[in-house]
Amino acid sequence: MDAEQLDDVLSKSRKEIIEYVYDQFGEQIKRVIFTYVKNHAQTDDIFQEFLITVYHKINTYKGKSKFETWLYRIAVNKCKDYLRSPIHRLFKHNEQLEESRIDLSPENKVYLAEIEIDIVEAILSLPVKYREVIVLRFYKTFSIKEISETLKVKESTVKTRLSRGKKKIQLILGGDYIEK
């Protein structure tokens, strides 16, 4: 695309620019996104976020790089943001669980599902101060330091709450579920 064509495109409304980006670059950008996330549903979600970002940031394009390069940079940054996010870790964890269950018998799958339900119910029954550290530590995989910063409490307080929360869950469940 030469400078004149680009000026013509950028002089249109935001909606028309998004339509142009979608038509001209959509499939290639989706492929790039997929190479990062390796999941079709997440690719579609990130692509939607990409389009929204382009819509809101189109007026910041200064022409220092090719328009296409600018678009790809936005897409790659969206992918990197996603890969750093806790939601990605949750999806990845769920995918790993599903893969590990493929070889299980139907009875074992039902048994594991029941255990998971019991654990979730036990966690939800905890007071908030224990529940939040358990969720951040085991479901969001935050470090003790990250939990401390997030909740604005001392690291020793986080460790104490984790320990007490785990004991409460063990009492509720009557076993060592939490360690599994």
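Below is a chat about how the labels on this predicted model follow from its values.

Me: What makes up the protein, helices or strands?
Reply: There are nine helices and zero strands, so the run from the N terminus is α-α-α-α-α-α-α-α-α. Of the 180 residues, 30% count as buried.

Me: Why is the pair of Phe 47 and Phe 50 called stacked?
Reply: Two numbers settle that. The ring centres are 5.7 Å apart, and a pair needs centres within 6.5 Å. The planes are 25 degrees apart, and stacked means under 30 degrees, so the label holds for Phe 47 and Phe 50. The structure holds seven aromatic pairs, by the way.

Me: Where do Phe 47 and Phe 50 sit along the chain?
Reply: Both are in helix H3 (residues 40-57), three residues apart, which is about one turn of the helix.

Me: How do you know whether Phe 47 and Phe 50 are buried or exposed?
Reply: Buried means under 20% relative accessible area. Phe 47 comes in at 2% and Phe 50 at 0%, so both count as buried.

Me: Which residues form one aromatic cluster?
Reply: Tyr 20, Phe 25, Tyr 61, Phe 67 and Trp 70.

Me: Which residues touch the most other members of the largest nonpolar core?
Reply: Ile 29, Phe 50, Val 54, Phe 67 and Leu 71, out of 23 residues in that core. The elements that give two or more residues to the core are helix H2 (14-37), H3 and helix H4 (67-84). H4 gives the largest share, eight residues. As background, nonpolar side chains in soluble globular proteins tend to be buried together.

Me: What makes Arg 14 count as lying over the face of Tyr 55?
Reply: Part of the test is distance: CZ of Arg has to be within 6 Å of the ring centre. Arg 14 is at 5.5 Å from the centre of the Tyr 55 ring, and it lies over the face.

Me: Why do Lys 30 and Asp 44 count as a salt bridge?
Reply: The cut-off is a side-chain nitrogen within 4 Å of a carboxyl oxygen. For Lys 30 and Asp 44 the N to O distance is 4.0 Å, and the pair is listed as a salt bridge. Lys 30 is in helix H2 and Asp 44 in helix H3, 14 residues apart, so this pair links distant parts of the chain. Asp 44 has 39% relative accessibility, so the label there is partly exposed.

Me: How many salt bridges does the structure hold?
Reply: Two. Besides Lys 30 with Asp 44, Glu 132 bridges to Arg 161, with the closest N and O atoms 3.8 Å apart. That again meets the 4 Å cut-off. Glu 132 belongs to helix H7 and Arg 161 to helix H9, 29 residues apart. Glu 132 has a relative accessible area of 26%, so partly exposed is the right label.

Me: What makes Lys 152 stand out in its backbone?
Reply: Phi of Lys 152 is near 60 degrees, a positive value in a residue other than glycine. Most residues other than glycine have a negative phi. Lys 152 is in the loop between helix H8 (144-151) and helix H9 (155-173).

Me: Why is Lys 152 called exposed?
Reply: Exposed means over 50%, and Lys 152 has a relative accessible area of 74%, so it qualifies.

Me: Which residues form the nonpolar patch on the surface?
Reply: Val 120, Leu 124, Phe 138 and Tyr 139, with about 360 Å² of accessible area together. Helix H6 (106-125) and helix H7 (128-139) are the elements giving two or more residues to the patch.

Me: How do you know that Phe 138 can belong to a patch?
Reply: Patch residues need over 30% relative accessible area. Phe 138, in helix H7, has 39%, so it clears that bar while counting as partly exposed.

Me: What about Pro 127, and why is it called partly exposed?
Reply: Its relative accessible area is 40%, which lies between the 20% and 50% limits, so partly exposed fits Pro 127. Pro 127 is in the loop between H6 and H7. The C-alpha atoms of Pro 127 and Gly 165 are 8.7 Å apart, with the two positions 38 residues apart along the chain counted as their separation.

Definitions and conventions
Residues are numbered from 1 along each chain as its sequence is written. This is a predicted model: local features need pLDDT of at least 70, side-chain atom pairs count only at pLDDT 80 or more; totals for chains, interfaces and linings use all residues. Side-chain values use heavy atoms; hydrogens and water are left out. Rings of Phe, Tyr and Trp (its six-membered ring) pair if their centres lie within 6.5 Å; planes under 30 degrees apart count as stacked, over 60 as edge-to-face and the rest as tilted. Helices (H or I, at least four residues) and strands (E, at least two) are DSSP runs, numbered from the N terminus. Buried means under 20% relative accessible area, exposed over 50%, partly exposed in between (1.4 Å probe, protein chains only). A charge sits over a ring if NZ of Lys or CZ of Arg is within 6 Å of the ring centre and within 35 degrees of the ring normal. Patches are made of residues with over 30% relative accessible area and no salt bridge: like charges are joined within 9 Å, nonpolar side chains (Val, Leu, Ile, Met, Phe, Trp, Tyr) within 5 Å. Accessible areas come from the Shrake-Rupley method with a 1.4 Å probe; for residues, only the protein chains shown count as cover. A nonpolar core is a set of buried Ala, Val, Leu, Ile, Met, Phe, Trp, Tyr and Cys residues joined through side-chain atoms within 4.5 Å.
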